Amino acid sequence: MGKISLFFVDDDAVYAHRLAAYLRTSEFAGRIQLKLYTDLSLLLRALDKEAKTEGILLFSESFYPELAQRTMRLSKVVLSQTIANSSRAEEKLPFLFRYQPLQQLFSHLLALYAVKQESSGFFLGRKTQVISVYASSGGSGKSIAAVYLAKQLAFRGKRVFYLSLENVSPASRWLSGETGQLSRLMYYLKQAPKSLGPKLQLLKSHDARFRIDYLTPDEQAGEMQQMQPEHVQKLVEAISELDAYDVLILDLASSLHPRIVTALELSHEVIWLVQDDWNDRFKTQALSQEVNLPGNVRYVMSKHRGGPAQEVEAYLPYIPEWRALASPEQLWSSDIYVQQIDEIAAKLDGLADRQIKAGKEALP
């Protein structure tokens, strides 16, 4: 599918050119063709010439009298200085708040357009790589590893979505942005799956520091327990069909709940954290036989203290400072942990030459 035509007219030239400059270098550059105007008369001439063009007309509320009632095929959205974002494209004229991060503004804009077109996503065709991070036992540092991996892949230029399927996610306290949005999305998973794609655009959160989009549960353990395999499949498919992400990182609970088994089976690769402990080794071997795992499972030793251990794909070091955290920022200051995670990210990114051992062969 080609780019969406976006006609944008604004009486604030500084803001208009800032928006255009952002778009040229953003993740939306491949999806939107911007036609910028600061003179209403020039816009009206262009609209007369392109009367059959489909796309979006975004205009500041100062031009409301001239454009609100004008007949056209473009979907109209008003840029307001005071009105909060609209959530429904079926409103006569939806509004977007001018003074919000431009990444959020464009996400909302595309979501409104998708609802208007009764579409479940944009620009289909790209295959999103689904990578699960899993452990057979709690306390393995799995969620820290999953967020680190998402961050490092994003820093390597990948477009990354992080999704936690834990009962309660500690990442909700680590990431910046609005957390707990997954619970709001559950309604559409169950009751209105056809609108899932556009609602994802509206409800996803963004962490600007780590350059990732994400969804996490937040103190809704009972609701997550009710999440069924078909809900997981629909959600993974909807994220992939947005065609906005190269990688989807699934942070999974340490259980064999049906939603977790389904997530493992939908994954292209699994990062399975193991601990240098006989009990954990036994559980890992037992659980790996219960699940139809993908062909490539990478066993990674977590909390490694430097001694001899079983053969694994990689090691993640034990960080003593993490035993008594005073703030989430302490988690992101370990250079040695970054280095080890980045080596895993390099292999996933196809940048390493080492032959990867597949499946259960990596665990003796």
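Contact here means heavy atoms within 4.5 Å. With that settled, I looked up L163, which touches L182, L215, L235, I239, L248, I249, L250 and D251 once residues up to four places away in sequence are set aside. A reminder to myself: this is a predicted model.

**Entry: the cores**

I then asked which residues touch the most other members of the largest nonpolar core. They are L163, L165, L200, L235 and W272, in a core of 41 residues. Helix α10, residues 229-241, gives the most to this core, with five residues. There is also a second, separate core of 36 residues, and I noted Y162, I271, L331 and I341 among its members. L235 turns up twice in my notes, as one of the residues L163 touches and as one of those with the most partners in the 41-residue core.

**Entry: strand β3**

Next I went to β3, residues 55-60. Is this strand enclosed or open? Six of its six residues are buried, so I wrote it down as largely enclosed by the rest of the structure. I checked its partners too. Strand β1, residues 4-9, runs parallel to β3 and is joined to it by five bridges. One pairing I looked up is S5, whose bridge partner in β3 is G55. Strand β4, residues 75-80, also runs parallel to β3, again with five bridges. There I found L58 opposite V77 of β4.

**Entry: rings**

How many aromatic pairs does a search of the whole structure find? I got 13. I took F97 and Y99 as my example: their ring centres are 5.9 Å apart and their planes are at 80°, so I logged the pair as edge-to-face, the cut-off for that label being over 60 degrees. F97 is partly exposed, at a relative accessible area of 25%.

Elsewhere, ring pairs link Y148, W174, F210, W322, W332 and Y337 into a cluster. F210 has a charge to deal with as well: the charged end of K151 sits over its ring, 5.9 Å from the centre. I found another case at Y15, where the charged end of R98 sits over the ring, 4.7 Å from its centre.

**Entry: S137**

Where is S137 placed? I found S137 in the loop between β6 (129-135) and α5 (142-155). Buried or exposed? S137 has a relative accessible area of 13%, so I put it down as buried. Its side chain makes a polar contact with the side chain of D280, at 2.7 Å. Leaving out neighbours within four places in sequence, I listed S254, Q275, D280 and K283 as the residues in contact with S137. D280 is thus on my list both for that polar contact and as a contact of S137 in general.

**Entry: positive phi**

Last, I looked at backbone angles. R211 is not a glycine, yet has a positive phi of about 65°. I placed R211 in the loop between β8 (205-207) and β9 (212-215). K303 is not a glycine either, and its phi is positive at about 55°. I found K303 in strand β12, residues 296-304. K303 is partly exposed, with a relative accessible area of 38%.

How values were computed:
Residues numbered from 1 in each chain as written. Predicted model: local features only at pLDDT ≥ 70, side-chain atom pairs only at ≥ 80, totals over all residues. Heavy atoms only, no water. Phe/Tyr/Trp six-rings, centres within 6.5 Å; stacked < 30°, edge-to-face > 60°. Buried < 20%, exposed > 50% of the residue type's maximum accessible area, 1.4 Å probe, protein only. Lys NZ or Arg CZ within 6 Å of the ring centre and 35° of its normal. Core = buried A, V, L, I, M, F, W, Y, C linked by side-chain atoms within 4.5 Å. Helix = DSSP H or I, 4+ residues; strand = E, 2+ residues; numbered from the N terminus. Polar contact = N/O pair within 3.5 Å; in protein donor to acceptor, adjacent residues only side chain to side chain. Pairing = 2+ DSSP bridges.
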